[in-house]
Amino acid sequence: MSSVEERDAPSPRLNRPSLMHRIVRVPELMVLAALLIVIIFFVIMAPTTFLSARNIGAVLTASAQLGVAAVGMSILIIAGEFDISVGSNYAFTGIAIGLLSTTGGLPTWVAVVLGLLISTAIGLANGAITIGTKIPSFITTLGTWLVWFGLTLALSKGYFVPVKANDPLIAVIGGALGYQFYASVFWWVGIGIIAIILLGRTRLGNWIFAVGGNAEAARAVGVPANRVKLFAFGLVGLVAGISALFTLGQQGSMAPLYGQNLAMQAIAASVIGGCLLSGGAGSVLGAMLGAVLMSMINSGLILAGAPTFWYQTFVGAIVIVAVVINTSISRRVAQMK
Amino acid sequence: MGSETSGVRLEVRNLSKRFGSVVALEDVSFSVRPGEIAGLVGDNGAGKSTAIKLICGYYRPSGGTILWEGAVTELESPEHARSLGIQTVYQDLALVNTLSIARNFFLHAEPVRRLGPVSFLNVKEMNERTAQILRDIGIKDLNPTTPVSALSGGERQAVAIGRTYYFGGKLLILDEPTSALSVKQTQKVFSIIQEVKAKGVSVILIEHNMIHVHDIADRLVVVRHGNVYGDYAKADVGVADLERILAGAR
């Protein structure tokens with residue numbers, strides 16, 4: 001049995017990964033490169049306006065609203081699941097908070113707390129249905145997406161629902177700070193940092209990756225796989241509610257038709273940011289940068305004078321390119337020692 | 001190590017398992033000592049897997065007893081068996097491909113550092129201890145941060161075996177550990193099984209290849225039609241004998 005000993009000689013299979021390996025293993029690599037290209041492109045196309053404080057503020061504010069949903073969505077994708085219903089949850093929660101605080105006469109903070117409990121409960125229900133029935137979450141949340149969309153329309157009767165005007169709590173959560181900059185940006189960054197630490201530096205984070213990568217192997221060593229998935233579903237519900245609060249802060253109201261693209265955009269941001277759709281790999285930071293990229297394209301096209309419907313086309317093309325590149329990189333990284 | 005007066009780590013006596021009217025296993029008896037490798041051989045459907053699933057707590061026996069370190073023990077669940085030190089390594093279920101070796105090694109047993117109310121992963125300790133364990137079991141050329149997807153089949157088995165040993169495994173059950181491996185990788189896995197055996201771990205090895213199992217095992221337990229056909233010391237039975245027995249000759 002000397003085959004192991006024979007390899008004691010310096011081998012190319014290294015004890016320290018090379019610089020190249022370490023760079024290619026960065027999951028955010030793709031989105032950083034794409035951001036660089038998009039920034040250069042729009043700086044050339046709209047030199048005076050794209051880097052203005054107003055535009056940067058507007059891009060970051062839009063990023064916060066999409067990006068906070070992407071924080072949760074990327075964690076759920078890493079755990080091996082999806083939530084298509086996140087946009088309905090967002091609209092329903094926003095309208096519920098509005099109704100509770102105005103028609104319901106509750107103090108705003110009570111309405112906000114209740115709203116976040118509702119959105120988290122909706123997320124947990126998605127998880128419970130998915131885990132309980134063993135039906136893919138893509139299907140179960142497609143169903144709940146329609147259920148909550150219908151309930152949102154019923155609750156709002158199709159109208160905009162406002163929150164109390166000039167409420168200090170709503171202002172702290174998502175009020176204007178000048179130059180198209182809103183308070184939501186800070187909350188988003190804070191939530192993102194907590195999520196990044198949770199995923200990379202806690203036991204629960206390790207379990208989320210493990211459950212998404214190979215749920216049976218994780219179970220075999222005692223990881224409570226179902227509870228980990230349920231947590232991720234609940235988290236997506238919570239951030240859907242937070243995203244709704246951001247919208248209430250910016251606009252003072254919620255419309256029942258808002259957010260119907262939110263799930264697909266959050267999934268797109270996660271994929272652009274390096275999440276594997278098969279689960280087990282990805283990055284919260286990447287998903288946040290993916291949201292910035294998408295918001296940047298949206299505002300850049302407007303500033304460059306292009307019709308805004310190009311936005312969808314652009315983002316769609318980037319998603320496909322991102323998946324192709326991510327898949328080939330991850331396949332290569334998977335083989336690299 | 002308590003009541004190891006008999007020096008036997010695991011003994012099964014007259015173990016049987018029925019599924020309805022189907023008798024999967026009947027009257028199976030054998031034992032394993034510390035630092036001993038017992039090869040469990042038998043044709044497909046002979047009852048090897050059923051026997052393993054009884055020993056790792058997955059099934060409850062219909063009859064017979066299991067003695068763990070000399071005491072009659074009812075294995076209530078795989079978790080219970082694991083807590084006693086009975087560890088099973090399956091071919092495909094063992095590791096998470098997308099995680100690094102170190103993160104796999106410490107999955108659900110991650111070292112943490114407390115900072116006020118929150119516990120953070122001690123990534124440095126995880127990597128350093130994994131590197132140490134890999135060296136201990138004779139793997140000197142793998143970085144703990146390497147994703148498991150980059151490992152060869154033999155290296156994966158090696159890491160999975162090393163993991164069970166490190167976390168207090170006293171009896172290691174290996175179900176066809178080399179079925180998908182090249183000759184060289186098989187040798188590597190066997191050398192790690194030998195390392196673990198040298199540290200006093202008992203091993204039950206299910207293996208199709210009679211040459212391999214004869215090569216590494218100390219004892220050979222032949223299962224046929226749900227019965228133990230014979231329990232041989234290695235010296236008393238040759239590879240050709242094993243093949244003849246399994247082929248059905250008496």
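**Figure 1. B:Asn14, an exposed residue of strand β1 in chain B of the predicted model.** B:Asn14 has 12 C-beta neighbours inside 10 Å and therefore counts as exposed, the limit for that class being 12 or fewer. The residue is found in strand β1 of chain B, which covers residues 10–19. Its phi is near 50°, a positive value in a residue other than glycine. Most residues other than glycine have a negative phi.

**Figure 2. B:Arg13 and its contacts in chain B.** B:Arg13 also lies in strand β1 of chain B. With 15 other C-beta atoms within 10 Å, B:Arg13 is partly exposed. Leaving aside residues up to four places away in sequence, B:Arg13 touches B:Ser29, B:Gly64, B:Thr65 and B:Leu67. B:Ser49 is 36 residues from B:Arg13 along the chain, and the C-alpha atoms of the two are separated by 17 Å.

**Figure 3. B:Glu69, a loop residue with a positive phi.** B:Glu69 is found in the loop of chain B between β4 (63–68) and β5 (71–72). Phi of B:Glu69 is near 50°, and the residue is not glycine. B:Glu69 is buried, because 21 other C-beta atoms lie within 10 Å and the class begins at 20.

**Figure 4. Helices α4 and α12 of chain A.** Helix α4 of chain A (residues 53–78) packs against α12(A) at an angle of about 175°, and the two axes are 8 Å apart. Angles over 145 degrees count as roughly antiparallel, so this term applies to α4(A) and α12(A). On the α4(A) side, the residues that meet α12(A) include A:Thr61, A:Ala64, A:Gln65, A:Val68, A:Gly72, A:Ile75 and A:Leu76. On the α12(A) side, they include A:Ala232, A:Phe233, A:Leu235, A:Val239, A:Ile242, A:Phe246 and A:Gln250.

**Figure 5. Helices α5 and α13 of chain A.** The axes of α5 (residues 86–101) and α13 (residues 262–272) of chain A come within 6 Å and cross at roughly 125°. This angle makes α5(A) oblique to α13(A). A:Val86, A:Gly87 and A:Tyr90 in α5(A) meet A:Leu262, A:Ala263 and A:Ala266 in α13(A).

**Figure 6. The largest nonpolar core and A:Ala218.** The largest nonpolar core holds 171 residues, of which A:Ile75, A:Ala218 and B:Leu205 touch the most other members. Helix α12 of chain A (residues 225–251) gives the most to this core, with 16 residues. In soluble globular proteins, nonpolar side chains tend to be buried together. Not counting residues up to four places away in sequence, A:Ala218 touches A:Trp207, A:Ala210, A:Val211, A:Val223 and A:Ala225 in chain A, together with B:Val96 and B:Leu107 in chain B. A:Ile75 is also one of the α4(A) residues that meet α12(A).

**Figure 7. Chain A and the low-confidence stretch at residues 1–14.** Chain A has a mean pLDDT of 89, and 92% of its residues reach 70 or more. Over residues 1–14 the pLDDT is below 50; this stretch has 19 contacts in the model beyond near neighbours in sequence. The chain has 15 helices and two strands. Its radius of gyration is 21 Å, close to the 20 Å that the globule rule gives for 337 residues, so chain A is as compact as a globular protein of that length. The C-alpha atoms fill a box of roughly 80 × 55 × 30 Å along the principal axes. Of the 337 residues, 51% count as buried. Among contacts between residues at least 6 apart in sequence, 80% join residues at least 24 apart.

**Figure 8. Chain B and the low-confidence stretch at residues 1–5.** Chain B averages a pLDDT of 85, with 96% of the residues scoring at least 70. Over residues 1–5 the pLDDT stays under 50, and the model has eight contacts for them beyond four places in sequence. Chain B contains eight helices and twelve strands. The radius of gyration of chain B is 19 Å, close to the 18 Å given by the globule rule for 250 residues, so this chain is as compact as a globular protein of that length. Its C-alpha trace spans about 65 × 40 × 35 Å along the principal axes, and 46% of its 250 residues count as buried. The model as a whole scores ipTM 0.83 and pTM 0.86.

Key:
Residues numbered from 1 in each chain as written. Chains lettered and ligands numbered in written order. Core = buried A, V, L, I, M, F, W, Y, C linked by C-beta atoms within 7 Å. Helix = DSSP H or I, 4+ residues; strand = E, 2+ residues; numbered from the N terminus. Contact = placed C-beta atoms within 7 Å. pLDDT = per-residue confidence, 0-100. Rg over C-alpha atoms; globule rule 2.2 N^0.38 Å. Axes fitted to C-alpha atoms, helices over the stretch in contact; angles between N-to-C directions. Parallel < 35°, antiparallel > 145°, perpendicular 65-115°, else oblique.
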